[in-house]
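Visitor: I have a structure to look at and no background on it. Can you walk me through it?
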Amino acid sequence: VNVFLRKIAVTAASSPAVEITQQGESLSIKTSTSVRTTHVSFTVGQSFSETTVDGRPCTSVPKWETDSKISCEQTLQKGDGPKTAWTRELTNDGELILV
């Protein structure tokens, strides 16, 4: 992956606007930055395909860490690269944070 693209992605991802909706175990996460907006829908506990913030296709597996914290491990579908993950947590005052 282009180093320049990766640096832009990391900078943009440092302060995203995130909107999460839930219906049972199915979640939908919309993440908006100054560079782009992504939308992903999935069911907790089931693997799904998505694209990392820098454009690499991956397989993701989301799971609940606690009642208010979800994490997701991402494995690249092709090529070598670092294993990535994301975590979101809802705080006691209702604020959604990227952990």
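Guide: What follows is a short round of questions and answers. This is a predicted model, where local features need pLDDT of at least 70, side-chain atom pairs count only at pLDDT 80 or more, and totals for chains, interfaces and linings use all residues. Residues are numbered from 1 along each chain as its sequence is written, and side-chain values use heavy atoms, with hydrogens and water left out.

Visitor: How many helices and strands does the protein have?
Guide: One helix and eight strands. Helices (H or I, at least four residues) and strands (E, at least two) are DSSP runs, numbered from the N terminus. Along the sequence the pattern is α-β-β-β-β-β-β-β-β.

Visitor: What share of the protein counts as buried?
Guide: 25% of its 99 residues. Buried means under 20% relative accessible area, exposed over 50%, and partly exposed in between, with a 1.4 Å probe and protein chains only.

Visitor: Which residues make up the largest nonpolar core?
Guide: There are nine: L27, I29, V40, F42, V44, F48, I70, C72 and W86. Strands β2 (26–32), β3 (37–43) and β6 (69–76) each give two or more residues to this core. A nonpolar core is a set of buried Ala, Val, Leu, Ile, Met, Phe, Trp, Tyr and Cys residues joined through side-chain atoms within 4.5 Å.

Visitor: What does F48 touch?
Guide: Not counting residues up to four places away in sequence, F48 touches V40, S41, F42, C58, T59, S60, P62 and C72. Contact means heavy atoms within 4.5 Å.

Visitor: Two cysteines in that list. Why is there no bond between the sulfurs of C72 and C58?
Guide: Because the sulfur of C72 is 7.5 Å from the one in C58, its closest cysteine sulfur, and that is too far for a bond. A disulfide is a pair of cysteine sulfur atoms within 2.5 Å, and the count by this rule is zero.

Visitor: Is C58 buried or exposed?
Guide: C58 counts as buried because its relative accessibility is 0%. C72 is buried too, also with a relative accessible area of 0%.

Visitor: New topic. Where is E50, and what does its side chain make a polar contact with?
Guide: E50 is in strand β4, and its side chain makes a polar contact with that of Q74 at 3.0 Å. A polar contact is a pair of N or O atoms within 3.5 Å; within protein, one must be able to donate a hydrogen and the other to accept it, and residues adjacent in sequence count only if both atoms are side-chain atoms. E50 is buried, with a relative accessible area of 14%.

Visitor: And where does D54 lie?
Guide: In the loop between β4 (48–51) and β5 (57–66). D54 and R6 are 48 residues apart in sequence but 5.6 Å apart in space, C-alpha to C-alpha.
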